[in-house]
Every structure is written in C-alpha cells, then in structure tokens.
Amino acid sequence: MQRLVRIWLVGATAVFWAAAAGAGERFYPVIGPDGKIQQVRGESEVDADADPVSAKKKATAAPARGAAPAAAAPGSAGVAVAPGDGRAVEEPEAGKPSVLHAPYDSEQYVDSEAVDAAAASPASQQRFYMIDEGSGPRISEMEAGEGAGVDAPVVTAPLQQEPYESLPAAFTEVEAAAAAREFPELPACVAAADLEQAPVLVAGTPGTLLVNRAAYMFLAPSRVLATYRVEGDGPRTIVARSYSRKDRPPAFVHPRLAFLGKDGCLKRVLHGYFERRYQRTDRRHTMLRGDLLMHAQEAWLLVLAPREDDKTTGELPFLESGHGQLKFTLKK
C-alpha cells in the first residue's frame with residue numbers, strides 16, 4: 001500500500017512540474033562544469049508572447065530599435081549589452097579586438113569564433129624561420145606570409161655502401177704521341193661522320209656493352225668495340241664497371257679506354273683503372289669498379305677490344321678475360 005502511495009505521489013509531482021512548465025517555464029538538460037547533467041529553468045517564448053503581462057515586461061526590458069544600449073551596471077566596468085541580441089560585448093582595450101560572451105547558466109562563455117578572431121596574428125606580426133643553406137642553420141626574420149613558399153629541408157638517411165676490397169694500384173696512362181706508336185691501327189683523329197651516330201652518356205643512365213664472340217666477328221681494324229659521346233663540359237667523372245661471367249674463378253674483361261678531344265683527335269689511352277672489387281650477390285656476379293676523371297677538353301670515349309699480346313706494367317690483381325659485360329656511367 002505504501003508503494004502505491006509513493007508511486008502516486010511521484011506521478012502527481014511529475015504532472016505538477018509539467019503543468020508549471022506549460023504555464024510559462026521550460027526546463028533544459030545541460031552538462032554542468034562537473035560533467036553532470038543539470039536542469040536549467042528558462043522562460044517559454046511562446047507563453048511569454050501570449051501573456052500580455054510578460055510581453056509588457058519584455059518590451060520594457062529591451063531597448064527600442066535604434067536606441068543606445070543601456071549603461072553598464074556598477075561593478076561590471078567594460079561590459080555592455082548589445083541591442084536586440086541579449087549577448088554581452090566586452091569593451092575592447094586599446095589595440096585589442098572585441099570578444100562576444102554568451103550568457104549561459106548564470107555564467108559567461110566566449111564563442112569559439114570570437115576566440116579565433118581575437119587570437120589571429122596581426123598582419124604585421126614577424127615570424128622566424130630556420131633555414132639551412134649548406135653552411136649551417138640560421139634564423140631568418142620575415143613578415144607574416146613571406147615564408148609561405150619556403151620549403152623545409154628534406155632530411156635523408158645516408159645510403160649504405162656495399163662493402164668492397166681495394167685493389168693494388170695498376171693504373172697506366174699513355175699520352176697521344178706514345179699512343180699513336182703503341183696503337184698504329186688507331187687513327188690519330190676520327191672523322192666527324194663516324195662520331196655522329198655514337199650514343200650519348202648522360203648523368204645517371206649507364207651505357208651497357210656486352211663483349212662476347214659476336215662482338216669480335218665484325219671488329220674494325222681500329223679494334224674499337226664502342227664509341228660514346230660524353231655529355232657536359234668541364235671535368236667529369238665516369239664510373240667503369242666490369243662483371244665476371246663466372247664466380248669460380250672470376251675473370252673480367254679489361255679493355256683499354258681511349259679519350260678523344262672535341263675535335264675528334266686522340267688525347268690519351270688508359271689501362272689498369274679498376275680500383276675496387278665487389279663480391280657476388282644474389283643478383284649479379286663479382287664486379288670491378290673504377291672512377292675515371294675526364295678532362296675538360298675531352299668529349300669522346302672509345303672502348304678498345306683486348307689483344308692477346310697486351311702488356312701491362314706490373315701484375316694485375318685480377319684475372320683477365322676476353323668476354324664479359326661492361327657498364328659506363330657519368331656521375332651526376
């Protein structure tokens with residue numbers, strides 16, 4: 001029986017509050033500062049407009065259209081009420097933008113749009129940028145908006161170099177006069193028509209030459225296997241690589257290399273230029289490598305076929321072969 005009476009009282013209380021809300025008040029669920037849901041009582045606009053007394057009070061409280069806003073109450077200096085809005089406007093100090101406050105649960109909260117506008121950087125604000133031009137980082141002071149096009153430096157990890165074995169020096173260089181005597185079949189100057197069709201060595205793109213039996217079948221008396229025009233001016237570096245056809249034991253094709261000037265005339269002949277040996281991997285056989293410095297006045301590279309009677313000063317630190325694969329790459 002007591003339970004029935006209690007249920008009846010709860011129901012009567014709910015009906016009473018609903019009737020009171022319908023009479024001119026509304027309750028709104030809001031989240032309080034502590035995170036809990038609270039009921040906030042507010043006046044119903046529909047009922048207030050229907051009630052002549054409430055409408056009269058609202059008309060008395062709100063200023064007429066075009067009238068000046070009411071003076072701030074004592075103790076609230078710097079705050080005035082915006083006409084027809086019901087939102088408080090904070091009087092800005094000298095050089096500071098206005099910030100709108102919205103009344104909520106007897107407190108004042110700043111609109112997010114007003115915060116963003118107030119925190120925006122002035123057009124004349126100076127900004128600082130870290131710039132590294134190769135000689136160490138430095139601080140650069142710029143006006144706002146000037147550094148928009150500055151690209152941040154890209155930090156890259158150093159590339160892992162493949163391990164190699166340094167070879168004993170066996171380099172030989174024969175100048176033009178001595179080369180003409182040592183290689184009489186090689187012309188002192190090559191005709192321009194014979195050089196026009198030569199492929200071009202460009203930076204980063206290797207020129208590959210396969211030296212096999214077919215390469216010797218139609219070999220010219222000059223014994224030139226291939227001719228390359230080297231791109232660019234000034235001193236350049238060409239990387240020469242030779243790949244063995246087998247690994248036990250590895251043997252490498254090691255041709256002499258002749259350099260021609262821009263006029264097509266012979267300048268010098270090189271041999272013994274390989275400096276490093278790389279062991280075989282899952283993708284290739286054992287490899288030799290040498291970095292060749294090309295002079296500014298040189299423009300053409302000739303690859304000469306090996307001869308059985310080729311002699312070198314000193315014993316080479318690797319086995320030679322008449323067959324194999326060569327690659328020539330112009331360094332960037």
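This report covers the confidence, overall make-up and one sheet of a predicted model.

## Confidence

The mean pLDDT of the protein is 73. Residues that reach 70 or more make up 54% of the protein.

Two stretches call for care. Residues 1–23 have a pLDDT below 50. Beyond near neighbours in sequence, that stretch has 7 contacts in the model. Residues 52–90 also have a pLDDT below 50. Beyond near neighbours in sequence, the stretch 52–90 has 34 contacts in the model. Where pLDDT is low, predicted coordinates should not be read in detail.

## Overall make-up

The protein has 332 residues. Of these, 29% count as buried. The protein contains 7 helices and 22 strands.

The exposed area is about 22700 Å². Carbon and sulfur atoms supply 56% of that area. Contacts also link parts of the chain that lie apart in sequence: among contacts between residues at least 6 apart, 64% join residues at least 24 apart.

## A sheet of six strands

One open sheet has 6 strands. Their order is E10-E17-E16-E20-E13-E11. The pairing is mixed. Strand E10 (172–175) and strand E11 (200–201) are the edge strands. Each of these edge strands pairs on one side only. In general, strands of a sheet pair through backbone hydrogen bonds, either parallel or antiparallel.

Within this order, E16 stands between E17 and E20. Strand E16 covers residues 256–261, and strand E20 covers residues 298–304. E16 and E20 run antiparallel and are joined by 6 bridges. Ala258 has Leu302 in E20 as its bridge partner.

Conventions
Residues are numbered from 1 along each chain as its sequence is written. This is a predicted model: local features need pLDDT of at least 70, side-chain atom pairs count only at pLDDT 80 or more; totals for chains, interfaces and linings use all residues. Side-chain values use heavy atoms; hydrogens and water are left out. Two strands pair if DSSP finds at least two bridges between them. Helices (H or I, at least four residues) and strands (E, at least two) are DSSP runs, numbered from the N terminus. pLDDT is the predictor's confidence in each residue, from 0 to 100. Contact means heavy atoms within 4.5 Å. Buried means under 20% relative accessible area, exposed over 50%, partly exposed in between (1.4 Å probe, protein chains only). Accessible areas come from the Shrake-Rupley method with a 1.4 Å probe; for residues, only the protein chains shown count as cover.
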